[in-house]
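Please look over the sequence and the model before reading on. The text below goes from the overall form to single residues.

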Amino acid sequence: MANTEVVRTRIESDLKASATAVLAEMGMTVSQAIRMMLVQVVQTQELPFEVKAPSLNARAQKALEAPTEEKGIRQHESSADFFKSLGI
């Protein structure tokens, strides 16, 4: 038998209970599911699921939609115009 290590993580009690119940219906334990995920990470060199950035809150969305002038950003017509504004 290969040497084994213990992996510990803290998660919410209800998340663990829900995941344990779902995985039990699939015939596996939480430990087996975690091992399967780690094997996939090693084999594919990526996570076995898509990771997305969280959706923006209203304040962040408004900031992204604001005209650049309101953000203090000035756009330049060309690189020459940009350098001229810098005094170069």
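The paragraphs that follow take up the overall form, the helices and then some surface residues.

This is a predicted model. Its secondary structure consists of four helices and zero strands, and from the N terminus on the order of elements is α-α-α-α. For 88 residues the globule rule gives a radius of gyration of 12 Å, whereas the value for this protein is 25 Å; the protein is therefore more spread out than a compact globule. The box that holds the C-alpha atoms, taken along the principal axes, comes to roughly 70 × 30 × 20 Å.

The accessibility figures can be read alongside these dimensions. Only those residues with under 20% relative accessible area count as buried, and 2% of the 88 residues fall in that class. The protein exposes about 8600 Å², and 56% of this area is supplied by carbon and sulfur atoms.

Helix α1 covers residues 13-25. Its 13 residues, at 1.5 Å a residue, should span 18 Å, and the end C-alpha atoms are 19 Å apart, so the expected and modelled spans agree. After α1 comes G27, which has a positive phi near 85°.

Helix α2 takes in residues 30-44. Here 15 residues should span 21 Å at 1.5 Å a residue, and because the end C-alpha atoms are 21 Å apart, the two values agree. Just after α2, the phi of Q45 is positive, at about 60°. Positive phi values thus appear after α1, at G27, and just after α2, at Q45.

Within α2 sits M36. Is M36 buried, exposed or partly exposed? Its relative accessible area is 48%. Because partly exposed covers the range between 20% and 50%, M36 belongs to that class. In sequence M36 is 12 residues from P48, and in space the two are 9.8 Å apart, C-alpha to C-alpha.

Helix α4 spans residues 79-85 and contains F82. The relative accessibility of F82 is 36%, so this residue counts as partly exposed. Which residues make up the nonpolar surface patch with F82? The other members are F83, L86 and I88. Together the four residues F82, F83, L86 and I88 have about 420 Å² of accessible area.

To sum up, the model has four helices and zero strands, 2% of its residues count as buried, and its radius of gyration of 25 Å is well over the 12 Å of the globule rule.

Methods
Residues are numbered from 1 along each chain as its sequence is written. This is a predicted model: local features need pLDDT of at least 70, side-chain atom pairs count only at pLDDT 80 or more; totals for chains, interfaces and linings use all residues. Side-chain values use heavy atoms; hydrogens and water are left out. Helices (H or I, at least four residues) and strands (E, at least two) are DSSP runs, numbered from the N terminus. The expected span of a helix is 1.5 Å times one less than its number of residues. Patches are made of residues with over 30% relative accessible area and no salt bridge: like charges are joined within 9 Å, nonpolar side chains (Val, Leu, Ile, Met, Phe, Trp, Tyr) within 5 Å. Accessible areas come from the Shrake-Rupley method with a 1.4 Å probe; for residues, only the protein chains shown count as cover. A salt bridge is a side-chain nitrogen of Lys or Arg within 4 Å of a carboxyl oxygen of Asp or Glu. Buried means under 20% relative accessible area, exposed over 50%, partly exposed in between (1.4 Å probe, protein chains only). The radius of gyration is taken over C-alpha atoms; the globule rule is 2.2 Å times the number of residues to the power 0.38.
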